[in-house]
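Biologist: I should like to go through this protein chain step by step. Would you please show the sequence and the structure?

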Amino acid sequence: MMIWLIEALIGSALLMLLALLLRRPVARLWGAPFAYALWALPPLRLLLPPLPGWQPFYVPVAQANPQGDMALALMSPADAALYTQPLPAATLQAGGFSQMPDWPSLLLALWAAGALVWLAVQYVRHQRFIGPAVRDGTPLATISGVSVIMSAHVPGPMAAGIWQRRILVPADFLTRYSSAERRMTMLHEAAHHDRLDLLANFVGLLVVAAHWWNPIAHIAWRAFRADQELACDATVLAGSDGDSRAAYGQAVLKSACVATPIAACAMNHKSQLKERIAMMKDRKIGLLPRLLGGLALLGVAGAALAATASGDQSAPVPPVPPAPPAANAGPAAPAAPAAPRPPQVMVFTRMLEGKDAKNSKDVKLKQSSITTVIVKNGEGATVTTSRGDTPAMVLGGMGLDLAASGGAGSTRVMMIRREGPADMAAKADTASKAAEQHLAMVRTDLRARCDKEGISMPADADIAQLATCGMELQKRMRTAMASARTALEKSRDLSEDQRSAALKGLDAAMANLPGQMIIKLQK
């Protein structure tokens, strides 16, 4: 039951998104009633039972343990099938939770309580609005079982009631609207009752109550009500002339209001005014486009419901009967034994946490880990749990190799915990040690270079002294440049201009030779 409920809520939310995506293109192509019909998909999915033998596209998987950690995910049925074997506590189970705490009961109770509270709030709001309007109103007429009541508590005409059907009109109804406008107003509210729009609103409220925590449902509810009004407009204006359309438009403008009960059908809400006036244009949609639109809508609805349906794997699938032997055929040769399938291996690692007594009690330290390995083959499933070992060590203890077990059908899932301050401090300490090791390697290389140059450096020489070999390299460079200058001055192979230019460049190089070298290393 819990698995079906989760899948039904996920599926109906996906169908709400589909209706939100398709409503405007469908209305432009085939009319507002077709867009309104899309909103039947979410309640149909909530009523759709598990289909026997159907293979769903996803399966809800949950994890919980006594420490309070919990995770939810959607997986393919092939992977989720590995969780059907009995597992130790605090491991993943298909569609279920560990017994401590009883998460399914807690979540189900929270969901049901939220739905009941939301429905109760809507009922109270509706009664506070409709009750005074009916009690203090003046009955005008009863037409085909529908009571018309004039009341000062309503801002505009509206239809209300599923079993006791009513049409509520404002106190100035006879003076605010002309006779033609009053006629179109009554046709509109009567159409809501004839089309069972009030019953559709009640069903929609139940769907939103099931999704009281989901913002998608509340957005979808507003779009559903807007499409409902547009579909009702199309019903009233079907086959009407220009004068009737003009009177209907004036009635819609005069009936614009803001605060209305969520379950009633008001003549018009201010937020829908522009869209409804635009849709009142006389659009001629032929019979063939409507037929094609209906077929397309049925195809989309069937495919969407099938894609989100739940499967009932408890119903056995009848085996395929063996094919009869061919006539005049000899005894069949025994089939070669099939090669054994590689085992399906799933690895789960859960990090345990503790509290540091020396620091704040809220600081959590990673202490150890529990590795659970599930190996499933043709004979069943084997479960091994080990504390503090790596997955490779656990698999090695089971006589399996991690690389060899990673063939077709194998899945590895690693549960990664968040890092606390102690974890970040440990990482910083590791990085500092790595930087010190790198600095030691640099010192070794610089000392080897000085030794190669024949310069002996003291054991406590810092990085700057090693980089310059105790300034010995600069001294040798200055000596070499001085010798070169003397040679240039004595050279007779150069003209005066050439000698002057060479000496000038050499003097500039000697002047730019730094007295010391500063090296900055970043860890």
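**Questions on a predicted model**

Modeller: I162 lies in the loop between β7 (158-160) and β8 (166-170), where strands are DSSP runs (E, at least two residues) and helices are DSSP runs (H or I, at least four), numbered from the N terminus. This is a predicted model, in which local features need pLDDT of at least 70 and side-chain atom pairs count only at pLDDT 80 or more, while totals for chains, interfaces and linings use all residues. Residues are numbered from 1 along each chain as its sequence is written, and side-chain values use heavy atoms, with hydrogens and water left out.

Biologist: Is I162 buried, partly exposed or exposed?

Modeller: Buried means under 20% relative accessible area, exposed means over 50%, and partly exposed lies in between (1.4 Å probe, protein chains only). The relative accessible area of I162 is 31%, so I162 is partly exposed.

Biologist: Is H193 buried or exposed?

Modeller: H193 is placed in helix α7 (residues 179-194). Leaving aside neighbours within four places in sequence, H193 is in contact with residues including V146, A159 and L198, contact meaning heavy atoms within 4.5 Å. Its relative accessibility is 5%, and therefore H193 counts as buried.

Biologist: Why are the buried residues of α17 on the same side?

Modeller: Helix α17 (residues 496-512) has 17 residues, and its buried residues are R499, L503 and L506. They lie on the same side of α17 because they cover an arc of only 65° around the axis, the arc being that of the directions from the helix axis to the C-beta atoms. An α-helix has 3.6 residues a turn, so residues three or four places apart point the same way. The answer is therefore the arc of 65°.

Biologist: Which residues are exposed on the other side of α17?

Modeller: The buried residues of α17 are R499, L503 and L506. On the other side, the exposed residues are D497, A501, K504, A511 and N512.

Biologist: How many residues apart are E275 and R24?

Modeller: The side chains of E275 and R24 meet in a salt bridge (3.2 Å, N to O), that is, a side-chain nitrogen of Lys or Arg within 4 Å of a carboxyl oxygen of Asp or Glu. The pair links distant parts of the chain, with E275 in helix α11 (residues 273-278) and R24 in helix α1 (residues 2-30), and the separation is 251 residues.

Biologist: Is D197 buried or exposed?

Modeller: D197 forms a salt bridge with R195, the closest N and O atoms being 3.2 Å apart. R195 counts as partly exposed at 24% relative accessibility. The relative accessibility of D197 is 1%, so D197 counts as buried.

Terms used
The expected span of a helix is 1.5 Å times one less than its number of residues.
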